[in-house]
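Reader: I would like to go through the labels attached to this structure and see what each one rests on. Where should we begin?

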Amino acid sequence: MATVAEWVEGARLRTLPAAVAPVLVGTAVALHLGRADALRAGLAAVVALALQVAVNFANDYSDGVRGTDADRVGPMRLVGSGAAAPGAVKAAAFVCFGLAALAGLALVVLTGQWWLIAVGVACILAGWYYTGGSRPYGYAGLGELFVFVFFGLVATVGTTFVQTLDAPAPAWFGGVATGALASAILVANNLRDRAGDAGSGKTTLAVRLGDRGTRLFYLVLVLVGALALVALAATTTWWALLGLAGLLVLVGPVRRVLGGALGPELIRVLKLTGIAEVLAALGVLGGVVIGAVA
């Protein structure tokens, strides 16, 4: 039970921030436009969360059957550790993909925008082929790009769109912010596993950039996230700058990363980066609410 609990904790660190933050920011933009819809926001949250959980299971399965999880520094994996059968983990991934598809289909019906089905299919395929298939793009250093696009731009702008049927500039700025911070979580994760990934043939972006380059990339992503939040505030309400308060949590992590933190030390960096993303999103939402009543 302890090992399974460890897996759940590790999955939570990777899942909740990237799933929750885009929905909060996208809803904040919809609220600023005066067209927020609680039901559609809730369904968007189900889609984002189910997709994230599905990707966690899919990665666990694909990495496990390839043997790339045999020597991990971070939280255990179900397949790699032998705690669960590969078939069971694969089935769990498809169940979660199915749940995301059902919630997404409900949004399609509510909005009448049938072309969104194609977006949903793209999200599911991208989630599976991140580490699945014969040529997973996560093994080619494209994981951060996937996270930025799908758990940043698509999730944030999509949340705004299903509520407003519009994709205004603030939603895109919000997508850049959430995408950059979600990518920073993955960078911290891959920096921690860089040596093991290189040895197993998993050429993540951290392996390609090297130790120093990866650490600087983490800093760049944090700065991009901060600048995007400023742009979002400039196009909505300056109260949305409250989102920057959440990024104060990253002062310590940035120092650790630039200072050469390794292995288990980076698990805390990963955790705090996720917390910062959620706090920043809550700050934006709270700022928009204040701006609406001020």
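Author: With burial: buried means under 20% relative accessible area, exposed means over 50%, and partly exposed lies in between, using a 1.4 Å probe and protein chains only. This is a predicted model, in which local features need pLDDT of at least 70, side-chain atom pairs count only at pLDDT 80 or more, and totals for chains, interfaces and linings use all residues. Residues are numbered from 1 along each chain as its sequence is written, and side-chain values use heavy atoms, with hydrogens and water left out.

Reader: Why is Leu51 called buried?

Author: Its relative accessibility is 10%, and the label applies under 20%, so Leu51 counts as buried. Leu51 sits in helix H2, residues 38-66 (helices are DSSP runs of H or I with at least four residues, strands are runs of E with at least two, both numbered from the N terminus).

Reader: Which residues is Leu51 in contact with, leaving aside neighbours within four places in sequence?

Author: Contact means heavy atoms within 4.5 Å. On that basis the partners of Leu51, beyond those neighbours, are Phe97, Ala100, Cys123, Ile124 and Phe151. Phe151 is 100 residues from Leu51 in sequence, yet their C-alpha atoms are 9.4 Å apart.

Reader: What makes Tyr61 and Trp128 a stacked pair?

Author: Rings of Phe, Tyr and Trp (its six-membered ring) pair if their centres lie within 6.5 Å; planes under 30 degrees apart count as stacked, over 60 as edge-to-face, and the rest as tilted. The structure holds 9 aromatic pairs. For Tyr61 and Trp128 the values are 6.0 Å centre to centre and 25° between the planes, so both tests for a stacked pair are met. Tyr61 lies in helix H2 and Trp128 in helix H5, so the pair ties together parts 67 residues apart in sequence. Both Tyr61 and Trp128 are buried.

Reader: Why is the pair of Tyr130 and Tyr137 called tilted?

Author: Their centres are 5.8 Å apart and their planes differ by 45°. That angle is neither under 30 nor over 60 degrees, so the pair is tilted. Ring pairs link Tyr130 and Tyr137 with Phe146, Phe150 and Phe151 into a cluster.

Reader: How do you know that Tyr137 is buried?

Author: Tyr137 has 19% relative accessibility, so it counts as buried. Tyr130, at 11%, is buried as well.

Reader: And what makes Leu105 partly exposed?

Author: Leu105, in helix H4, has a relative accessible area of 41%. This value falls between the limits for buried and exposed, so Leu105 is partly exposed.
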